[in-house]
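Student: I've got this one open on my screen and would like to talk it through. Can we go over it together?

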Amino acid sequence: MSGLYIHIPFCKRICAYCDFFKSADLRSMPAAIEAMHREMDEENRFIGDRRLQSIYFGGGTPSLLHPDELQRFIDQAAEIFDTSQLREITVEVNPDDIDEKYVSALRNTSINRISMGIQSFDDRALRLMNRRHTGAQADRALRLMRDAGFGNITADLIFGIDGFGDERIESDIDRLLGIGIQHLSAYHLTIEPGTRFGRMAARGEFRAIDEEQSEHEFRLVHRMMTEAGFEHYEVSNYAREGYRSLHNSSYWTGAEYLGIGPGAHSYNGTVRRWCEQKVDQYATARSYTEEHLDDIDRYNEFVMTSLRRIEGIDLDTLSERFGPERAERFTAQAKGLEGYGVVVENGRVRIPPERMLVSDAVIEELFETK
Ligand code: SF4
């Protein structure tokens, strides 16, 4: 089963932490959207698995498009792929694009999952992040979606912001739980060079929080969400039972996916590629950068993505996919890391979710080198 990712690379305003592929020049949007339809027609054979399980509109800001424009992509996908098992169609939305009219138009599409970029309800934190919505708008947008009958809503939240500690996290999560969501993606703020936060940090006006505080906040989110009955199923993701993200899960399990739009990645089992033309050039020229994954790359990716998930690695699957010798060597290596939180039991190797934030360095110990 495969996934389709449609990247709408436009934003009205650039958030202080964001290093995604996007443009604030909305004038090139109509031409880019037409070019994306052409790309889907011309490039869909890049993936061999024609059975689409999920479609994901990400960005950028997909809610800059009218719901009818989103549905046009879905209809096009249905002409190209086998959509008989298509179960999840997600759209990322920005709270201040949402009003009754938009929600009602969205209900007339086949979209069945809403991903809302909340980040926080705290207006001071939102201003610092240069988000274009307020806490009150976020609250209202979530309620509008819920009351219109969307029963699968996920919110994004950012923690790890210097100057905003436990109180903000507690109040943000309480509010989300009070409104009623089915899924949460909670990301630790990273300060990337080339972003507003990166420039502020270089001038000494902003800083990353220390490791101890990071871990503390990660555990706080973990505790609140799991106490509320959510499963912490991946390092950054929490779901009520039956509401895990199908689309993201397919990235983590090595399924094929087709990415449409400038900056979107595609993967067909051996090659990952992406089109990195500037947004205003994409409509007239399209070329791809390719990364060929060899056996060691695929093995290391499997180890990394699996250990970031609650299930960890099933040693029989590892043996089937990469050979029994490797599985044996991996098990011995993992046992050597038990003191660092790695658990080896019942034919599985895993890292308990509350230890996952500090797990990347441990996971890298299990990588093979070329
Ligand atoms: S809306 Fe999303 S993609 Fe656009 S700048 Fe903000 S974080 Fe980045």
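Student: Of the contacts with a separation of 6 or more, what share comes from residues 24 or more positions apart?
Tutor: Keep in mind that this is a predicted model. We take the contacts in the chain with a separation of 6 or more and ask how many join residues 24 or more positions apart. That share is 70%.

Student: What radius of gyration does the chain have, and what would a compact globule have?
Tutor: The chain has 370 residues, and a compact globule with that many would come out near 21 Å. The C-alpha atoms fill a box of roughly 55 × 50 × 45 Å along the principal axes. The radius of gyration agrees with the globule figure, because the chain has 21 Å.

Student: Which residues of α13 are buried, and why do they line one face?
Tutor: Helix α13 covers residues 324-335 and reaches 17 Å end to end, close to the 16 Å expected. An α-helix has 3.6 residues a turn, so residues three or four places apart point the same way. Seen down the axis of α13, the buried residues fall within an arc of 65°, so they line one face. They are A327, F330 and A334.

Student: And what covers that face, and which residues are on the other side?
Tutor: The cover over the buried residues of α13 includes α12, β14 and β15. On the other side of α13, the exposed residues are E325, A332 and K335.

Student: How about α11: what does its buried side pack against?
Tutor: The 13 residues of α11 should span 18 Å, and the end C-alpha atoms are indeed 18 Å apart. Y299, V303, S306 and L307 are buried in α11. These cover an arc of only 90° around the axis, which puts them on the same side of α11. The elements they pack against are β13, α12, β15 and α14.

Student: Is N346 buried or exposed?
Tutor: N346 sits in the loop between β14 and β15, and its phi is near 50°, a positive value in a residue other than glycine. A residue counts as exposed with 12 or fewer other C-beta atoms within 10 Å. N346 has 8 such neighbours, so the label is exposed.

Student: Where is the cis peptide bond with omega of about 15°?
Tutor: One of its two residues, G60, has its place in the loop between β2 and α2. The cis bond joins G59 and G60.

Definitions and conventions
Residues are numbered from 1 along each chain as its sequence is written. This is a predicted model: local features need pLDDT of at least 70, side-chain atom pairs count only at pLDDT 80 or more; totals for chains, interfaces and linings use all residues. The radius of gyration is taken over C-alpha atoms; the globule rule is 2.2 Å times the number of residues to the power 0.38. Two residues are in contact if their C-beta atoms, placed from the backbone, lie within 7 Å. Helices (H or I, at least four residues) and strands (E, at least two) are DSSP runs, numbered from the N terminus. The expected span of a helix is 1.5 Å times one less than its number of residues. A residue is buried if 20 or more other C-beta atoms lie within 10 Å of its own, exposed if 12 or fewer, and partly exposed in between; C-beta atoms are placed from the backbone. The arc is that of the directions from the helix axis to the C-beta atoms.
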